[in-house]
Amino acid sequence: MRVIIQRVKSSQVTVNGEIIGKIGRGLNLLVGIADTDTDVELDWMARKCLELRLFPDEEGGDRWQKSVQEIGGELLVVSQFTLYGDCRKGRRPSFDRSAVPSLAQDLYARFVTKLRSSGLTVETGEFGAMMQVVIENDGPVTLLLEREAS
């Protein structure tokens, strides 16, 4: 499982000209599901996304002291199978490591459910749709989290 975490001031996702998910301060999560992912990876990733200290304290210092949970932030979760695109050979990416859509959709939905159990506002894109994502990155802070099936 791969997740691109972006600390944002705001973020939104649009499908067919309609905004379907929109958040204020929090995290934009671009989520790629591998063909080997299980609940073990989902649990680890959800916990990491919720607990990573990526926000400064109230005094506005430079040091990251607070998690998205601690600031009562919001999450926008967007499926992105292209995170498993392998561009090492040829001129067209290979997506052999991406989970098939039926498995990926199920795991993505379960990941979103785990995040929602935190009590935070969690918005999503539309799985499999062509989406436009507007991200107002704060910092900018962008991190790659990866968890391989064991």
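**Exercise 1. Is Asp86 buried, partly exposed or exposed, and at what relative accessibility?**

*Solution.* Begin with the scale: a residue is buried under 20% relative accessible area, exposed over 50%, and partly exposed in between, with a 1.4 Å probe and protein chains only. Asp86 has 28% relative accessibility, so this residue counts as partly exposed. Next, place it: Asp86 belongs to the loop between S6 and H3. Finally, list its contacts, a contact being heavy atoms within 4.5 Å. Leaving out residues up to four places away in sequence, Asp86 touches Arg92, Pro93 and Ser94. The C-alpha atoms of Asp86 and Ser98 are separated by 9.9 Å, with the two positions twelve residues apart along the chain counted as their separation.

*Basis of the values.* The model is predicted, local features need pLDDT of at least 70, side-chain atom pairs count only at pLDDT 80 or more, and totals for chains, interfaces and linings use all residues. Residues are numbered from 1 along each chain as its sequence is written, and side-chain values use heavy atoms, with hydrogens and water left out.

**Exercise 2. Describe the order of the secondary structure and the overall dimensions of the chain.**

*Solution.* Helices (H or I, at least four residues) and strands (E, at least two) are DSSP runs numbered from the N terminus. By this assignment the chain has three helices and eight strands. Their order from the N terminus is β-β-β-α-β-β-α-β-α-β-β.

For the dimensions, take the radius of gyration over C-alpha atoms and the globule rule of 2.2 Å times the number of residues to the power 0.38. For 150 residues a compact globule would have a radius near 15 Å, and the chain agrees because its value is 15 Å. The C-alpha trace spans about 50 × 40 × 30 Å along its principal axes.

Contacts complete the picture: of those with a separation of 6 or more, 72% join residues 24 or more positions apart.

**Exercise 3. Characterise the surface and the charges.**

*Solution.* Accessible areas come from the Shrake-Rupley method with a 1.4 Å probe. The chain exposes about 8,400 Å², of which carbon and sulfur atoms supply 48%. Buried residues make up 40% of the 150 residues.

For charges, Lys and Arg count as positive and Asp and Glu as negative, without His and the chain ends; each charge is placed at NZ of Lys, CZ of Arg, CG of Asp or CD of Glu. There are 19 positive and 22 negative side chains, and the centres of the two sets lie 4 Å apart.

**Exercise 4. Identify the nonpolar cores and the elements that build the largest one.**

*Solution.* A nonpolar core is a set of buried Ala, Val, Leu, Ile, Met, Phe, Trp, Tyr and Cys residues joined through side-chain atoms within 4.5 Å. The largest has 28 residues, and those that touch the most other members are Leu29, Val31, Cys49, Leu75, Val77, Phe111 and Leu115. Two or more residues each come from strands S1 (2-15), S3 (26-32), S4 (53-56) and S6 (74-79), and from helices H1 (39-51) and H3 (101-116). Another core, of ten residues, lies apart from it and includes Ile4, Val8, Leu30 and Leu76.

Val77 illustrates the packing: beyond four places in sequence, its contacts include Leu29, Val31, Phe111 and Leu115.

**Exercise 5. Compare the settings of Gln6 and Lys114.**

*Solution.* Gln6 is in strand S1 and counts as buried at 11% relative accessibility. Among its contacts beyond four places in sequence are Leu30, Ile135 and Val141.

Lys114 is in helix H3 and is partly exposed at 25%. Beyond four places in sequence, Lys114 is in contact with Asp39, Leu42, Asp43 and Ala46. Lys114 and Leu42 are 72 residues apart along the chain, while their C-alpha atoms are separated by 8.0 Å.

**Exercise 6. Which backbone features depart from the usual pattern?**

*Solution.* Most residues other than glycine have a negative phi, and most peptide bonds are trans. Asn16 is not a glycine, yet has a positive phi of about 50 degrees. Asn16 lies in the loop between S1 and strand S2 (18-23) and counts as exposed at 77% relative accessibility. The peptide bond from Gly139 to Pro140 is cis, with omega near 0 degrees. Pro140 is placed in strand S8 (residues 132-146).
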